[in-house]
Amino acid sequence: MLPLDFTPTARKEVWDFLLPRLESYYANTQQVHVSPPMKVREIQSYSRALPFDQPHSVEEVIEHVIHGLTTYSVHTPHPSYFGLYNPRSQFSGIIADLITATFNPQLAAWSHAPFANEIERYVIEEFGQKFGYPEASIDGTFCSGGAESNLTALLCALNQAFPEYDKHGIVGTEKEPVIYCSSESHHSLAKAARMAGLGAQSVREIAVDANLRMNLEKLKEGVGQDRKEGRLPLMLVGTAGTTGAGAVDNLMDLPEIAQVEGLWYHVDAAYGGAAILSESHPSLFTGIEKSDSLTLDLHKWFSVPMGASLFITPHKRILNQTFGIKTAYMPEDGDPNQVADPYTHSAQWSRRFMGLKMYFPLAIHGWQGLQEMIEHQLEMGDSLRNMLTSKGWTIANRSPLPVVCVSHPDFPPELPLQEFVDQVNATGKAWISVYPIHGKPTIRVC
Ligand SMILES: *Cc1c(COP(=O)(O)O)cnc(C)c1O
């Protein structure tokens, strides 16, 4: 036996020991406290309780970790975690991740994992079509999350605008590139700007209207102003479901502004994009098909285990232009016209088979099953809004998505909202948060 291996008998014993414990958490998540008290010292000493200068039995390590995760986590899979788009993992996604970890296919080059790579292409192309991109032009890549997808979009925009960007980088751009998004957009865009070498000052957070959508007049003014001052407007980001309050930017009119101004038009649909499957809201994202690229998280509303997102674009060559590279040691593309190597196509190199955890739910439940899940949750959002308004609460955000921000006219002014929310969270029965709408704090429930 090799030094780190287990005998087949020992492996069977571990599976028999582990699986009932995982099943017990999965089946009884509603019984745990949603969030633990943050006893930092206690958590730090528990985390270091197994010294590495001696071995421990696998059962002891499993028990230690399961107890630690149960006791010291915010339980995002809990049915009363009304938080930040972190759902319970779909069971079929869990199975997929287990298979991925066991086979460990290497997705850097197509030829090392042809089946796994083609499964990912299949999923990317299917999603691309759902968003209305022409089938023949769809390209994309799996990313670790929305932040990486948004960074990918910015890098594509830079490479599109500056054909020599691969050689000279930001130094060769002469004019300062500028990114436009709304003041409600996700802050991963500021990080992307920093990582790309533009700096956070290159991001213009355009003011929003009463419904928290980007103000298009302000956008045009901002673009004009930057041009006048010698900068180069580069990219426009519309958000399809903002993180705070579920606002959907004006996806009908943004494409034209982007076209007139010559901007790369990206839609950040990290959370909300899943509602593209909804038949009860058929026109929610009309216009999204005119985007140059989009971000869709799979580990948010699609409920696959973290981390997985998509970056999709109808520009067939841009990913290769942005990330393409030649080496003496990597295997070549199987056929450069038909297949693509992920390492010449994305920010990652050695790569996990992320796509399987989205393929599994799709193959098992079909689009129909996913659509029913989305419709059900949209209805739950409507029910919650109705229940709250019938009890005198005021809904502060106008979103069709199941993100509800509320306040109550009789709320005692001497009790700050954050304190109230902290009290609710301290009960361990639910997790909610505070989000300011037009500067006024509200209770946010998703
Ligand atoms: C969550 C979110 C992101 C970031 O995605 P991660 O998966 O957390 O990296 C980006 N944009 C929006 C609108 C989001 O809601």
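User: Which strands does helix α9 (residues 216–228) lie across, and what is its angle to β2?

Analyst: Helix α9 lies across β2 (177–182), β3 and β4 (232–239), and runs at about 170° to β2. That angle is taken between N-to-C directions on a range from 0 to 180 degrees, with axes fitted as lines to C-alpha atoms, for helices over the stretch in contact; contact means heavy atoms within 4.5 Å. The elements themselves are DSSP runs numbered from the N terminus (helices: H or I, at least four residues; strands: E, at least two). This is a predicted model, in which local features need pLDDT of at least 70 and side-chain atom pairs count only at pLDDT 80 or more, while totals for chains, interfaces and linings use all residues. Residues are numbered from 1 along each chain as its sequence is written, and side-chain values use heavy atoms, with hydrogens and water left out.

User: What is the strand order of the open sheet, and why do β1 and β3 stand at the edges?

Analyst: The open sheet has 7 strands in the order β1-β7-β6-β5-β4-β2-β3, with mixed pairing. Two strands pair if DSSP finds at least two bridges between them; β1 (139–143) and β3 (203–206) each have a single partner strand, so one side of each is left without a neighbour in the sheet. On average, and with direction ignored, neighbouring strands here are turned by 20° against each other.

User: How do you know in which sense β6 and β7 pair, and over how many bridges?

Analyst: Strand β6 (residues 293–297) and strand β7 (residues 309–313) are joined by 4 bridges in the antiparallel sense, and one of the matched positions is D297, whose bridge partner in β7 is S309. The loop between these two strands holds G307, and the peptide bond from M306 to G307 is cis, with omega near -10°.

User: Why are Y85 and N104 each called buried or exposed?

Analyst: Buried means under 20% relative accessible area and exposed over 50%, with partly exposed in between (1.4 Å probe, protein chains only). Y85, at 6% relative accessibility, therefore counts as buried, whereas N104, at 58%, counts as exposed. Neither is a glycine, yet Y85 has a positive phi of about 65° and N104 one of about 50°. Most residues other than glycine have a negative phi, and most peptide bonds are trans. Y85 is found in the loop between α3 (58–71) and α4 (91–103), and N104 in the loop between α4 and α5 (114–130). Y85 is also a contact of T242, which is buried with a relative accessible area of 0%.

User: What makes a set of residues a nonpolar core, and how many residues has the largest one?

Analyst: Such a core is a set of buried Ala, Val, Leu, Ile, Met, Phe, Trp, Tyr and Cys residues joined through side-chain atoms within 4.5 Å. The largest has 51 residues, and those with the most contacts inside it include L219, L236 and M358. Its largest share, 6 residues, comes from α12. Apart from it lies another core, of 26 residues, among them C181 and V203.

User: How many cavities of 30 Å³ or more does a search of the whole structure find, and which element gives the most to the lining of the largest?

Analyst: The search finds 1 cavity of 30 Å³ or more, and about 80 Å³ of space lies in the largest cavity. α5 gives the most to its lining, with 4 residues; the lining residues include N117, E120, H345 and R351.

Terms used
On a 1 Å grid over the protein atoms alone, a cavity is a set of points where a 1.4 Å probe fits but cannot get out, and a pocket is an open set with protein on both sides within 12 Å along at least five of seven lines; lining residues have an atom within 4 Å of a point. Grid points are joined across faces, edges and corners, and a volume is the space filled by probe spheres set on the points. Lists of a residue's contacts leave out its neighbours within four places in sequence.
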